[in-house]
Amino acid sequence: MSNKLPQEPQSEEVDLGQLFNAIGKLFDKLFAFIGKIFTGLFSIIIYTLKPIVDNFKIITIILMIAVVFGFFTDKIATPVYSSDMLVKPYFESKYELANNVNYFNALVNSGNLEKLSAIFEIDTLTAKELMGFEIQIGPETQNDLLKQYNDYIKSIDSTLAKDVTYEEFIDNRDILAGDIFSITALSGRNDVFLSLEKGFIKTFENEYSKKLKEIADSTRLLQKGNYQKQLQRVDSLQRIYLQILKLDSENNDLSIGANGFFPLTKEKSVTKEYDLFKEEQNIRNSIKDLDKQLLERSEFYDILSGFEEIGTIRESFFYKKSIFVFPVISLIIMMLIFVLFKAFKFIKSYE
């Protein structure tokens with residue numbers, strides 16, 4: 001027993017040594033793997049840049065030609081003029097508006113000049129200058145956004161509402177979530193925009209919006225009729241109370257005894273003239289609000305700001321200009337040619 005006891009520390013040292021050796025080998029393999037990754041990336045970068053360096057003169061000449069050609073293309077290109085119109089649709093006609101904007105763009109892309117001239121009541125030469133239309137949510141205040149978010153939260157289940165933040169709602173909402181819309185018209189001429197309003201006015205009226213308008217108008221007229229009946233009842237009560245007050249004032253002079261020595265007092269009738277007055281004012285204000293709503297919603301839309309008489313030149317983004325697009329396309333074509341040449345050479349020499 002005594003001879004075996006000193007050998008235990010040695011076995012523990014051997015186990016620890018093996019453990020540290022294994023850890024060291026693991027780190028060596030890890031560093032070697034990371035080194036291979038960086039070496040591979042470096043090789044890819046060098047392999048990609050090598051043909052560019054080898055053919056630097058040819059690539060530079062081709063890119064310079066593409067830049068010059070793109071510059072002159074931008075100079076001689078037909079300018080694009082734009083004009084904006086702000087509209088506020090009612091009775092859910094915004095869906096018809098968005099659908100018709102897509103329809104107008106389809107007509108422009110297909111070159112259907114006869115249909116475009118019939119819709120906008122313009123000649124085919126003017127219709128030929130149309131380049132397209134865009135629709136976006138119009139300007140909104142912070143209060144408008146908060147109201148939309150509050151209405152949305154009320155419309156969904158309470159358990160789902162907890163997971164929808166204000167920022168998520170604003171970022172993910174659809175374009176038709178707004179109430180005011182900005183319509184942008186694009187044209188090759190700067191004096192055709194005023195004549196386009198007629199075509200858009202037609203888009204707000206459809207069978208569904210007509211039905212909603214009829215329902216809304218009928219509902220408001222029924223409410224107005226109810227308010228007028230209530231007002232008549234209030235007027236009747238006011239006349240009754242006035243008669244009661246008149247009788248009370250006449251009966252206050254009653255007395256008995258010689259020469260009216262003992263006057264009789266009678267408790268006055270309790271009336272609610274002031275309450276009736278307030279009720280009358282509330283009813284009249286309600287009728288006034290209904291009349292205002294009927295006037296405001298008498299049309300299917302409101303044009304907050306129409307198209308300008310003269311459009312403004314629309315500047316393209318830099319990445320859409322020919323001076324940038326042509327060199328990029330040229331570089332991509334040269335890269336494809338190089339890859340195809342290398343693949344062809346490899347296949348030809350393969351055994």
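1. Which side chains meet in a salt bridge in this structure? They are those of Arg189 and Asp191, with 3.1 Å from N to O. The model is a predicted one, and a search of the whole structure finds one salt bridge. Side chains of opposite charge can pair when their charged atoms come close. Both partners are partly exposed: Arg189 has a relative accessible area of 30%, and Asp191 has a relative accessible area of 43%.

2. The next point concerns a nonpolar patch on the surface. The patch covers about 1200 Å². Its members are Leu19, Phe20, Ile23, Phe27, Leu30, Phe31, Phe33, Ile34, Ile37, Phe38, Leu41 and Ile44. One of these residues, Phe33, may serve the reader as an example. Phe33 lies in helix H1, which spans residues 7-54. The relative accessibility of Phe33 is 51%, so this residue counts as exposed, the cut-off for that class being over 50%.

3. Two helices deserve a description as a pair. Two packed helices are described by the angle between their axes and the distance between the axes. Helix H3 comprises residues 94-110 and helix H4 comprises residues 113-120. Their packing angle is about 140 degrees, and their axes are 8 Å apart. H3 is therefore oblique to H4, because an angle has to be over 145 degrees to count as roughly antiparallel. The crossing of H3 and H4 is left-handed.

4. Glu121 merits a check of the backbone. This residue is located in the loop between H4 and helix H5 (124-128). Although Glu121 is not a glycine, its phi is positive, at about 60 degrees. With a relative accessible area of 48%, Glu121 is partly exposed.

5. Another loop residue is Val164, placed between helix H7 (158-161) and helix H8 (166-172). Is Val164 buried or exposed? Val164 counts as buried, because its relative accessibility is 19% and the limit for that class is under 20%. Along the chain, Val164 and Ile153 are eleven residues apart, and 8.1 Å separates their C-alpha atoms.

6. Helix H10 (residues 207-251) contains Gln228, and Leu212 is also found in H10. For each of these residues, a partner elsewhere in the sequence can be named. Leu212 and Ser93 are 119 residues apart in sequence, while the spacing between their C-alpha atoms is 9.7 Å. Gln228 and Arg284 are separated by 56 residues in sequence and by 8.5 Å in space, C-alpha to C-alpha. As to accessibility, Leu212 counts as partly exposed at 23%, and Gln228 is partly exposed with a relative accessible area of 37%.

7. For orientation in the predicted model, the reader may begin with the pair Arg189 and Asp191, whose side chains form a salt bridge. The nonpolar surface patch that includes Phe33 may be viewed next, followed by the left-handed crossing of H3 and H4. The loop residue Glu121, with its positive phi, and the buried Val164 can then be located. Leu212 and Gln228, in helix H10, complete the list.

Definitions and conventions. Residues are numbered from 1 along each chain as its sequence is written. This is a predicted model: local features need pLDDT of at least 70, side-chain atom pairs count only at pLDDT 80 or more; totals for chains, interfaces and linings use all residues. Side-chain values use heavy atoms; hydrogens and water are left out. Patches are made of residues with over 30% relative accessible area and no salt bridge: like charges are joined within 9 Å, nonpolar side chains (Val, Leu, Ile, Met, Phe, Trp, Tyr) within 5 Å. Accessible areas come from the Shrake-Rupley method with a 1.4 Å probe; for residues, only the protein chains shown count as cover. A salt bridge is a side-chain nitrogen of Lys or Arg within 4 Å of a carboxyl oxygen of Asp or Glu. Helices (H or I, at least four residues) and strands (E, at least two) are DSSP runs, numbered from the N terminus. Buried means under 20% relative accessible area, exposed over 50%, partly exposed in between (1.4 Å probe, protein chains only). Axes are lines fitted to C-alpha atoms, for helices over the stretch in contact, and angles run from 0 to 180 degrees between N-to-C directions. Angles under 35 degrees count as roughly parallel, over 145 as roughly antiparallel, 65 to 115 as roughly perpendicular and the rest as oblique. A crossing is left-handed if the near helix is turned anticlockwise from the far one by less than a right angle, and right-handed if clockwise.
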